[in-house]
Structures are given as structure tokens and as C-alpha cells.
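Please read this briefing with the sequence and the 3D structure open beside it. Each topic can be checked against the structure in turn.

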Amino acid sequence: MSRDLGLRRLRRHRRLEKCVLLVAALSVATSGCVVVHGEREVLPATTRGEAAKALQQFTTAYNKADEAYDSSLDAKYTTGPLGDIDKARLTAGKANNPEGNPSHTPLKLSDAKFTIPKKAGWPRWFLADAAGNKGGEARWLLVFTRDSLDEPWQVAYLTLVDPDEIPRFKTDKDGWAEAVPANATDVTVAPGELSQKYATYLKDGGDAFAVGPHTSAWRALRKKRSERPGLATQYIDEPVTNGDYRPLALRTEDGGALVFFTTRHFEKQTAAAGATVPTPNKDVLALTTGEIRQSLTMQFISNEVALDPAGDGEVEVLGRIQGLVSAKGE
């Protein structure tokens with residue numbers, strides 16, 4: 001009897017160990033599934049209340065940085081092309097006005113509308129469309145992004161666009177928008193290829209982009225500048241598509257996309273023998289390394305927003321903000 005009792009206890013003990021191991025295994029598996037599921041589940045990027053809070057936090061930090069000409073005061077809330085442009089602007093301002101911005105006027109954004117895409121994975125992002133006390137009647141379009149819940153919302157793209165040119169977005173019954181993937185094939189140019197297409201167009205022209213101030217007019221202005229006597233001006237345009245510079249696109253009501261993207265531009269001015277490069281303004285000089293003797297090469301970062309139509313058509317660049325980020329004299 002005692003032997004049988006011992007065997008039964010041993011069997012129960014082994015069954016208990018198996019149960020414990022099974023529960024542990026299920027706990028690990030369940031935990032893993034939750035993480036994977038959370039990465040794959042299609043969810044709104046944020047709430048409208050949190051989006052409004054992010055806009056206010058950015059505006060407050062932006063104003064503090066602009067008043068003090070101190071990029072550290074809003075670095076937490078900017079990234080990508082806007083981060084580069086803003087940092088360089090504040091650096092130049094500080095060099096020329098160590099005590100701060102003598103002409104500071106606080107930025108005020110009102111009548112904010114938020115377009116929040118429902119998507120899986122990171123980055124999460126959304127668009128804020130607001131009226132500003134600067135820039136006339138243009139609307140301020142700010143794209144907020146973040147790569148994890150532990151990060152603050154940061155503005156990667158900032159452009160100003162005529163309110164009549166802002167498209168209507170496709171939304172579901174709850175008002176959530178649709179993000180267009182970088183490799184989408186149902187628009188004229190895949191969002192992920194738009195930066196390269198634009199850089200190529202600026203160099204070679206073509207019919208990929210509609211005429212406008214940021215396309216045909218800009219090419220004509222560059223051509224005019226390159227023909228100045230005694231000064232050779234060369235341009236190099238490069239796509240920028242990775243990390244915080246990735247293109248971000250929203251589906252429009254007509255099936256197209258509104259795409260935010262980044263490009264980099266170099267402008268080199270070389271004086272003819274016996275001539276000199278025109279003296280740049282003090283903000284350019286503040287960002288210049290080397291001595292300007294025969295040439296000056298300036299590097300700009302530009303963030304654009306474009307309407308990318310469904311099917312075949314011409315891409316329309318609606319807005320572009322460009323900033324000098326560095327310069328080199330030789």
C-alpha cells in the first residue's frame with residue numbers, strides 16, 4: 001500500500017510540474033503574442049486630445065527656442081528635416097545675437113484640425129493643420145511622429161499651404177484616416193520614390209511634376225542664377241528617405257495621396273578669375289567653415305508636401321520649406 005501511495009504521489013507531483021511548466025510556457029507565449037499583436041494591430045496613431053496636447057507642447061517649446069535662439073529648448077520636439085532646419089536657424093541666430101532674438105514674435109496656432117491615420121507598427125504619426133499668426137492666410141501643416149510610446153511627439157515636417165489646396169482625406173466611419181505605404185502602386189509615384197523623382201526633375205526637367213513655384217519656376221530661377229557673368233553656380237540635388245526623413249503619406253478622398261518628403265540640395269558658387277564670390281549675409285557666414293576665397297558651397301535641407309494623384313497624372317508640389325544647414329568656403 002505504501003508503495004502504491006508513493007507512486008501516486010510521484011505521478012501527481014510530475015503532473016503538477018508539467019502544469020507549472022505549461023502555464024509558464026503559455027505565459028511566455030501569451031506575452032510574446034501580445035507584443036507581436038500590438039505591433040501588427042491596426043490602431044489610430046493617437047487620440048485627438050493627445051494630438052492637441054502635442055501641438056501645444058511643440059508651440060511652447062518652439063517659442064522658447066526662438067526667443068532665446070537656443071536649439072536645446074525645442075530639440076526634444078523636432079526631428080527629421082524640420083529638426084535640421086530649425087537647429088541651423090537657431091545656431092546662426094545665436095551667433096549673431098548672443099542675447100537672444102531681438103525681433104521675436106510668439107507663434108500662435110489656432111483652429112487646429114487633426115488627421116490621424118489608423119495603421120500598424122511604428123512610426124506612429126499624424127497631421128496637424130492650423131491657422132497661424134505668421135505666413136498670411138496659409139495653413140500650417142505639421143507632421144508629428146514618434147517611434148515608441150516612450151518618446152515624445154516630434155514634428156518632422158512643417159510646410160505652409162494655401163487652404164484651398166489642402167485636399168479632403170479619406171476617413172472611416174470613426175473619422176480615422178488611412179496611411180499610404182511607401183511602396184504604393186495605385187498613385188502616380190510611390191511615396192518612397194518621390195524624393196528621388198523630385199531630385200531628378202530639378203536636374204533634368206520632364207513632365208512628372210505640374211508647373212508651379214516649387215517646380216518649373218524654381219528650375220527657371222536656378223537657370224537664371226547660373227548664367228550670371230563672372231560667377232558659375234552649380235546645383236546638386238539628392239533624395240533623403242531614411243529614418244526620421246522617411247516619406248509619410250495620407251490617402252485623399254479621390255484615391256490619391258498627400259505626401260510629405262525630404263530632399264537635400266547643394267549650391268556651389270565659383271567666381272571667375274579676378275572676381276570674388278558675393279559676400280553672403282551674416283546668417284550664412286555663421287554657418288560657414290573655411291575661408292571664402294574662390295568658391296562657396298551651401299547645403300540646404302528641404303521638406304516638401306505634394307499631391308500624388310491616383311493612377312497616372314502630374315504630381316503637384318503644394319509647399320516647400322528650405323533651410324541652410326551648412327556652408328563651406330574655399
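The points below cover the chain as a whole, its pockets, one helix, some strands and a few backbone details.

The model is predicted. Its protein chain has six helices and 13 strands. Buried residues account for 41% of the 330 residues in the chain. Of the contacts with a separation of 6 or more, 68% join residues 24 or more positions apart.

**The largest pocket**

- Rolling a probe the size of a water molecule over the atoms shows where empty space is left.
- The largest pocket has a volume of about 440 Å³.
- It is lined by 23 residues, and those closest to its centre are Ile-85, Ala-88, Arg-89, Gly-323 and Leu-324.
- Four elements each give two or more residues to this lining: helix H3 (80–96), strand E6 (154–161), helix H6 (282–286) and strand E13 (316–329).
- Helix H3 supplies the largest share, with eight residues.
- By type, the lining of the largest pocket holds 13 nonpolar, six polar and four charged residues.

**The second largest pocket**

- The volume of the second largest pocket is about 230 Å³.
- Among the residues that line this pocket are Lys-113, Phe-114, Thr-115, Asp-129, Arg-168 and Glu-253.
- Strand E2 (residues 109–115) gives the largest share of the lining, three residues.
- The lining of the second largest pocket divides into five nonpolar, three polar and four charged residues.

**Helix H3**

- An α-helix has 3.6 residues a turn, so residues three or four places apart point the same way.
- Helix H3 has 17 residues, which at 1.5 Å a residue should span 24 Å. The C-alpha atoms at its ends are 25 Å apart, so the model agrees with the expected span.
- The buried residues of H3 include Gly-80, Pro-81, Leu-82, Ile-85, Ala-88 and Leu-90.
- Which elements cover the buried residues of H3? They include helix H2 (48–68), strand E6, strand E10 (257–271), helix H6, strand E12 (295–308) and strand E13.

**A sheet of three strands**

- Strands of a sheet pair through backbone hydrogen bonds, either parallel or antiparallel.
- One open sheet has three strands in the order E1-E3-E7, with mixed pairing.
- Its edge strands, E1 (43–44) and E7 (177–178), each pair on one side only.
- Strand E3 (residues 117–119) pairs with E7 in the parallel sense, over two bridges.
- Lys-118 is opposite Glu-178 of strand E7.

**The hairpin of E9 and E10**

- Strands E9 and E10 pair in the antiparallel sense over four bridges.
- Ala-249 stands opposite Val-259 in E10.
- The two strands form a hairpin with five residues between them, and Gly-255 in the turn has a positive phi of about 95°.
- In a regular strand the side chains alternate between the two faces of the sheet.
- In strand E9 (residues 248–251), Leu-248 and Leu-250 point one way, while Ala-249 and Arg-251 point the other way. Are these residues of E9 buried or exposed? All of them are buried.

**Backbone details**

- Most residues other than glycine have a negative phi, and most peptide bonds are trans.
- Tyr-69 is not a glycine, yet has a positive phi of about 50°. This residue lies in the loop between H2 and H3.
- Tyr-69 has a relative accessible area of 13%, so it counts as buried, the cut-off being under 20%.
- Asp-111 also has a positive phi of about 50° and is not a glycine. Its place is in strand E2.
- Asp-111 has a relative accessibility of 48% and therefore counts as partly exposed, a class that lies between the cut-offs of 20% and 50%.
- Where is the cis peptide bond with omega near 5°? It runs from Trp-122 to Pro-123. Pro-123 lies in the loop between E3 and strand E4 (124–132).

**A loop residue: Thr-276**

- Thr-276 is part of the loop between E10 and H6.
- With a relative accessible area of 61%, Thr-276 is exposed, since exposed means over 50%.
- Thr-276 and Arg-293 are 17 residues apart in sequence, and their C-alpha atoms are 7.1 Å apart in space.

Technical notes: Residues numbered from 1 in each chain as written. Predicted model: local features only at pLDDT ≥ 70, side-chain atom pairs only at ≥ 80, totals over all residues. Heavy atoms only, no water. 1 Å grid on protein atoms, 1.4 Å probe; cavity = no way out; pocket = protein on both sides within 12 Å on 5 of 7 lines; lining within 4 Å. Points joined across faces, edges and corners; volume = space filled by probe spheres on them. Nonpolar A, V, L, I, M, F, W, Y, C, P; charged D, E, K, R; others polar. Pairing = 2+ DSSP bridges. Expected span 1.5 Å × (residues − 1). Buried < 20%, exposed > 50% of the residue type's maximum accessible area, 1.4 Å probe, protein only. Contact = heavy atoms within 4.5 Å.
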